[in-house]
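Hi,

Here's the structure I promised to pass on. Have a look at it first, and my notes follow underneath.

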Amino acid sequence: MFLSHLNVLDLGSYVAGPATATVLSDFGADVVKVEPLTGDPYRTLLGGVLAEYPNFFWDQDSRNKRSLAIDFTTPEGRDAIERLIRRADVVITNYRPELLERLKFTYANVRELNEKIIYGQVNSYGLKGPDANRTGFDATAWWARSGLMDHVRRPLSPHAISAPGMGDHPTSMALFGGIMAALYRRERTGEGAHVHTSLLANGAWAHSMMMQGAIVGFDYSDRRDTGETRATPLATVYETRDGRTILLSILNHAKEWPKFAAALGHPEWAEDARFLDQVARFEHREELHALIATAFLGNDSDVWCEKLDCAGITYSLAQRMSEVIADEQVHANDILTEVEPGSHFYAYTVNSPIWVADSEKRQPRLAPNIGQHTQEILTEIGFSAEEREQMIQQGIARQHHDE
């Protein structure tokens with residue numbers, strides 16, 4: 001694994017920063033997850049709502065890591081973190097800037113201890129401006145603030161809440177890319193770096209095509225109506241007889257339109273003057289939409305999927321979660337990857353979305369318990385057995401004990 005030489009310090013909580021450390025760990029990095037004595041609050045995000053299930057949020061984003069549970073506001077705890085910083089290649093944090101100032105864990109503070117450090121930082125709204133220290137999560141900063149929440153809905157329908165982690169995980173990949181670029185630069189120059197991204201910046205990047213339109217005046221936010229779904233009849237959604245939804249994405253009209261018309265059982269549409277070319281189809285878009293909608297309602301989704309597949313049409317069925325986790329394509333491409341063997345709940349976990357040819361990725365190890373590796377890590381950074389025991393007895397550090 002090509003990152004097996006890297007020491008990474010995960011000095012964050014919840015998702016966007018720590019998930020970056022998870023990706024680094026997938027490629028072999030040794031990640032020390034620093035937690036308070038009560039554990040990262042992400043561990044209890046599901047609370048008692050889904051008590052009958054394992055904490056699958058935490059388990060997904062904390063695989064492969066080693067847990068050090070310690071109170072770093074104490075002199076001894078601070079000493080332990082500073083020793084870890086001195087040996088680290090990468091420090092990752094998503095604490096708010098003012099909290100990092102208060103804790104003295106800013107890039108400037110960390111660089112004093114290790115001038116070659118790659119310091120990866122993510123926050124909600126960026127490091128400048130009036131909201132630099134505003135609390136936020138991906139739902140607020142990535143989804144709502146960026147305009148995605150308002151745009152990604154059917155016209156005039158209520159706003160939807162984003163899926164958990166939907167903005168955190170792409171943001172973590174942006175930070176991963178920045179860290180890898182900084183590591184490359186360090187190989188060339190020997191210099192460390194401060195790498196930063198934000199949830200807001202990544203929401204804007206995800207929404208950048210429409211934002212770029214708004215810059216030149218193409219902003220229809222206040223003028224959207226229910227007819228919008230009929231404006232592009234070859235790139236919209238249709239319901240089937242069995243209540244499923246099919247999304248068309250036919251952009252190469254010259255190639256796909258005749259085949260699509262034939263697949264629907266209406267090859268004559270391709271010769272119809274109303275639909276003969278792209279301009280004509282746009283002029284008669286509402287008529288075309290109505291014809292296609294009626295056709296799709298005439299059969300079940302499995303029939304349409306087979307017909308569209310045979311015709312080579314660009315589309316997808318809106319899959320249910322049970323279908324996604326059983327999808328042959330997902331398994332064939334290691335998107336769901338097998339976890340380490342053992343007596344536990346999981347056969348698979350969602351893999352990080354990058355592969356490097358001829359480079360091995362780690363088989364995912366289970367997420368650690370609180371302080372599972374405290375003794376091990378403190379030993380590695382030079383604390384004696386007596387010092388370690390004293391720290392645990394005094395409530396400065398916590399060591400997990402198997403039941």
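Keep in mind that this is a predicted model. I'll begin with a helix pair: α11 passes α14 in a right-handed crossing. The axes of α11 (residues 253-263) and α14 (residues 301-311) cross at roughly 145° and come within 9 Å.

Which residues of α11 and α14 meet there? From α11 they are Lys259, Phe260 and Ala263, and on the α14 side Trp304, Lys307, Leu308 and Ala311. By type, that contact has five nonpolar residues and two charged ones, with no polar residues.

Now the sheet. It's an open one with three strands, in the order β7-β8-β9, and the pairing is antiparallel. β7 (237-239) and β9 (315-317) each have a single partner strand, so they sit at the edges and one side of each has no neighbour in the sheet. Ignoring direction, neighbouring strands here are turned by 25° against each other on average.

If you want to zoom in on one pairing, try β7 with β8. β8 covers residues 245-248, and three bridges join it to β7, with the two strands running antiparallel. For one of the residue pairs to look up, Tyr238 has Ile246 in β8 as its bridge partner.

One more helix belongs with this part of the model: α13 (residues 285-296) lies across β7 and β8. Relative to β7, α13 runs at about 40°.

That's what I have so far; shout if anything looks odd on your screen.

Cheers

Key: Residues are numbered from 1 along each chain as its sequence is written. This is a predicted model: local features need pLDDT of at least 70, side-chain atom pairs count only at pLDDT 80 or more; totals for chains, interfaces and linings use all residues. Side-chain values use heavy atoms; hydrogens and water are left out. Two strands pair if DSSP finds at least two bridges between them. Helices (H or I, at least four residues) and strands (E, at least two) are DSSP runs, numbered from the N terminus. Axes are lines fitted to C-alpha atoms, for helices over the stretch in contact, and angles run from 0 to 180 degrees between N-to-C directions. Contact means heavy atoms within 4.5 Å. A crossing is left-handed if the near helix is turned anticlockwise from the far one by less than a right angle, and right-handed if clockwise. Ala, Val, Leu, Ile, Met, Phe, Trp, Tyr, Cys and Pro count as nonpolar, Asp, Glu, Lys and Arg as charged, and the others, Gly among them, as polar.
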